[in-house]
Amino acid sequence: MKDVHENTADWSLVIKPKAGLFDINIKELWRYRDLVLLLVKRDFVSFYKQTILGPIWFLVQPILTTLMFLLVFGRIAQLPTDGVPAIVFYLAGVTCWAYFAESLTKTSETFTANASIFGKVYFPRLIIPLSIILSNMIRLGIQLLLFFVVLAYYMIFDDNNLHITWAVVLFPVLVLLMGLQGLGLGIIFSALTTKYRDLRFLLTFGVQLLMYATPIVYPLSLAPEKYKWLIAANPFTAIIETFRFAFLGAGAFNITYFTYSIAATLIILFAGILIFNKVEKNFMDTV
Amino acid sequence: MSDVAIELNNISKLYRLGEVGTGTLSHDLNRMWYKLRGKEDPYAKVGEENNRESKGGEWVWAIKDIDFKVKQGEVLGVIGKNGAGKSTLLKILSRVTAPTTGSIKAKGRIASLLEVGTGFHPELTGRENIFLNGAILGMTKTEIKRKFDEIVAFSGVERYIDTPVKRYSSGMYVRLAFAVAAHLESEILIVDEVLAVGDAEFQKKCLGRMKDVSVKEGRTVLFVSHNMAAVRQLCTSAVVLRNGMLAFEGTQTEGVNYYQTSHNTNSEYIHEGTIETAPGNNSIRILRFEIKPMTGDVISISSGFEFAIEFLNAKEDINLDITFEIKNSDDIIVFHNGAILTHDKDSKKGKFKVSAAMPGCILNAGVYKFNIIFGENQRYELCVLEDFVQFEIMNESAGSSNAILPGVLRLQIPVEKSFSI
């Protein structure tokens, strides 16, 4: 009873049919911060309950994918990897892409997967996508550990031109950009699929296709000059290129592409929050 | 205490019936087109009153123009039949969905308990779920930590607190879930009929806790229930919803009485129209049937009830007899009782009026139906009317429990005792 309002004139809560376009309640989100952390914990803990290897399972996917890429794109298609060992090159790409793709697909299911909770109790709906981004970040952290171990091995025991550049200072920004891009696109899709589920089918293979439009299995330098802009138009391109430049010394850092990527991320995120905010009030009637 | 804690202004909610599918896209586009030109939603106009039984268009007002205020510290009972709009109102109040028109103003946090155990994860332990569920309901981690021991003690599952809840019995699960909810610290609490869980002992504990919340802690509670005894006991005021509209507003006793008298519309049959359309057959036509309590306004366990039937007989010169059967909601015939109306094969054409009375403290609470059988010469059935009229005997609490006691009969038998060592 500590925060009962003494002043009778002001209402602490007003429920109206429609929210204003920019009616985003940051303060309320902050009040529910404990929920975000508890949801992250739930996702993380429930993932490895009743398993023997526990969180080590997070490493299986990048290892197997990297090996597969190594075989298909490295050995069979013989795509160059900017002069760095192929394993490190692919592992960097796979790790970053998995974080983005996982965040995107999981957040896009926000409304449909949580309809039973949303139908019974109110909390800011944005909490769920935020918790998804954060729990995936833990997973990313574990996978990055693997990446760093492999990287260290190649730097110490192998004769090659791997070197860490100044761009590592951008690392936190890169992780943030990956997460926010996944979040922004994810909530746009989640809002659009509440009523019409059609887009859901598009998304699953759309993410797969998008990977090939991003320099994950090939370096940007391989793209012909004529089409380079097309690949760079994908805001994820600059992120992955900068990441490789920072840790592997491969490729180049392009300030234009990088700034563009930041701007695009912010626009996507902003648009996502607006659409999400508009849908969340009434989605229960149509989901 | 006269501060208004929550205020509803003309709340309405429009729902579209049927499926969301390909057909809806054209409606959506049409709506958008109207909106673009700054016109009103074309479908809002065709919304009809919420009545499940009648057929109609595809748009329905689940609730319409609900307008009331709840004072701080008040416990408001929301009563109404299934489909009267209670759940929709609760959903709007708990911000699960937004109203179509109108606004709600509230002071303080609103916590809603439309279900217990929302967000429980089967793989997590009881401890982890208390924190998760508490946070979903709007508590912060510090609040939950402070209340943790109290919650565990209330639930009575101390021993299993570090076991995943998927290993719990359903009773334990519900106890834990309610315990979390019961310790919410919000200023306004919205409770759906979640109390109908657990065993009798736990139900009592829940009701007690609800009372504490309002009386001792001065919080505002909105309580939705079909349990009239609980409403009467817990609430200080009540609103009655009917077909999505506010039908009554007043004290809890007035509200319950209003609901019970208006609810039993079925307990009477008055035929209107030509005789040929009256229920029955060519021999017998029923004109009127009514049931009313012998004392008071409501048929309850102790009130007893009287019933009267008026019918037209077309059979001459037979021994006419009539039999009443009363059937409970499990379709068990509780009794079968007949009377011979004409003894000497001298029945005449015309109107008969038969009435009888059933003393109180015999039948248990519940919904009952009448079967009426007319016989010829105590041998042939002239006319059989099954499930003709339905009525309800309201429960009366026995001692501390509000629950309907088991058993078909509710007799008071004298008990004598002696004691020796």
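Which residue stands opposite B:Phe223 in β7(B)? That would be B:Gly77, and the strands around that pair are a good way into this model.

## Ground rules

This is a predicted model, where local features need pLDDT of at least 70, side-chain atom pairs count only at pLDDT 80 or more, and totals for chains, interfaces and linings use all residues. Residues are numbered from 1 along each chain as its sequence is written, while chains are lettered from A and ligands numbered from 1 in the order in which they are written.

Helices (H or I, at least four residues) and strands (E, at least two) are DSSP runs, numbered from the N terminus.

## Strand β7 of chain B

Strand β7 of chain B covers residues 220-224, and 5 of the 5 are buried, so the strand is largely enclosed by the rest of the structure. Buried here means 20 or more other C-beta atoms within 10 Å of the residue's own, against 12 or fewer for exposed and partly exposed in between, with C-beta atoms placed from the backbone. B:Thr220, B:Leu222 and B:Val224 point one way, B:Val221 and B:Phe223 the other.

Two strands pair if DSSP finds at least two bridges between them. β7(B) pairs in the parallel sense with β3 (residues 75-80) of chain B over 4 bridges. With β6 (residues 188-191) of chain B, the pairing is also parallel, over 4 bridges, and there B:Ile190 stands opposite B:Leu222.

## A sheet across both chains

An open sheet of 4 strands runs in the order β1(A)-β4(B)-β1(B)-β2(B), with antiparallel pairing. β1 (13-15) of chain A and β2 (59-71) of chain B stand at the edges with a single partner strand each, so one side of each is left without a neighbour in the sheet. From one strand to the next, the twist averages 15°.

The link between the chains is β1(A) with β4 (residues 101-106) of chain B, joined antiparallel by 3 bridges; A:Ile15 stands opposite B:Ile104 there.

## Two helices in chain A

Over in chain A, the axes of α4 (residues 86-108) and α7 (residues 127-157) come within 9 Å and cross at roughly 175°. Axes are lines fitted to C-alpha atoms, for helices over the stretch in contact, and angles run from 0 to 180 degrees between N-to-C directions. That makes the two helices roughly antiparallel (over 145 degrees; under 35 is roughly parallel, 65 to 115 roughly perpendicular, the rest oblique).

Among the residues making the contact (C-beta atoms, placed from the backbone, within 7 Å) are A:Leu91 and A:Tyr99 of α4(A) and A:Leu140 and A:Phe147 of α7(A).

Terms used. Two residues are in contact if their C-beta atoms, placed from the backbone, lie within 7 Å.
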